[in-house]
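Please work through the following exercises with the sequence and the structure side by side, writing down your own reasoning before you read each solution.

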Amino acid sequence: MTCNIILTPQNGRFFAHVAELPDCKAEAESRDQVLTLIQQRLKEISNRIEVVQLKIPHLEKKLARPEKQNGQPQIKEKTAPPPTLVRMDPPIAADDKTVQLETPWEFVGIFKDDPTWWPMLEDIERRRDRHVVYPKNKKRRKK
Amino acid sequence: MSLWDTQIVGHFIDDHPILLRHVERVKWDDITLPSPTVAELLRGRSEFALKATPEQIVAAHQRLWQTQQLIARFRQSSITEKDASVFKNLLSRIKSKKRYADMMIAAMALAGNHVVVTRNTKHFVDLLPPAQLANWVDEPPR
């Protein structure tokens, strides 16, 4: 995802905020510093948020353009995309100190009603058992 | 840093009381999913999603999606050149049959001085020193 950063120099300092996330702000002495800071804030925020797009038909009707009048061509109403869930964050590397993660307690029990969760994990274990290596000087025993 | 074996993720999701006591005592930032764990979880979910019947398809793809979201909440370690070098060395000096993925995880732990958290300690016992091996499922925190 690409975000628009609004950068404002003021009284020798630089202020930045993310147009799509008004609460995501930073302030620093230089342009480069403020851009680094805002990137860090974005990373932190993206770890704890979800972006949800909701289609609200009632509101859509209200905001729709009026039907064609005076012989003017009718402009087709754009159809909103179906509800989707978007995560913005890439994998967090083990040595990335710019981001702090919190225990995802909300995931505990998430697959409680999923009959495939443990069979999948058992299959992973069986596959590990099958993909083995032997010491170089020892020959594999024939079955 | 703790490197979680794949089954440990399973027990975390499954609300395992002993494992959760361990988790409460450490910083989440000190827990990492090594690349083989991530690969196994995604492969498991992806295969099911790709083979799902029309009746299973929605649930199967939602679970793949949820698993991706879950993985994104962990720190992740890819395999570095240093890990690869230790892995190669480890492969050359094993004395008995070893599981390939276990050896990858063990090499990552040795190269980075991390602790492997697993329930399958028997598979790692001659790959890692005792201080680099922990079973957070069967052994409660002290």
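**Exercise 1.** Find the bridge partner of B:Val116 in E6(B), and then describe how the two strands pair.

Solution. In this predicted model, begin at B:Val116, whose bridge partner in E6(B) is B:Leu133. Next, widen the view to the strands: E5 of chain B, residues 115–117, pairs with E6(B) in the parallel sense, over two bridges.

**Exercise 2.** Establish the order of the strands in the open sheet, and state which are the edge strands.

Solution. Six strands make up this open sheet with parallel pairing, and their order is E6(A)-E3(B)-E2(B)-E1(B)-E5(B)-E6(B). The edge strands, each of which pairs on one side only, are E6 of chain A and E6 (133–134) of chain B. Now examine where the chains join: E6 of chain A, residues 92–93, pairs with E3(B) in the parallel sense over two bridges, and A:Ala93 has B:Gln76 as its bridge partner in E3(B).

**Exercise 3.** Determine how many residues of each chain are in contact, and characterise the side that chain B contributes.

Solution. Count the contacts, which join 36 residues of chain B to 33 residues of chain A. Then locate the elements of chain B that give two or more residues to this side, among them helix H3 (35–51), helix H4 (57–72) and strand E3 (75–77). Finally, sort the residues on the side of chain B that touches chain A, which gives 13 nonpolar, eleven polar and twelve charged.

**Exercise 4.** Describe the hairpin formed by E2(A) and E3(A).

Solution. Two residues lie between the two strands of the hairpin. E2 (residues 13–18) and E3 (residues 21–28) of chain A pair in the antiparallel sense over five bridges, with A:Ala16 standing opposite A:Ala26 in E3(A).

Definitions and conventions: Residues numbered from 1 in each chain as written. Chains lettered and ligands numbered in written order. Predicted model: local features only at pLDDT ≥ 70, side-chain atom pairs only at ≥ 80, totals over all residues. Contact = placed C-beta atoms within 7 Å. Helix = DSSP H or I, 4+ residues; strand = E, 2+ residues; numbered from the N terminus. Nonpolar A, V, L, I, M, F, W, Y, C, P; charged D, E, K, R; others polar. Pairing = 2+ DSSP bridges.
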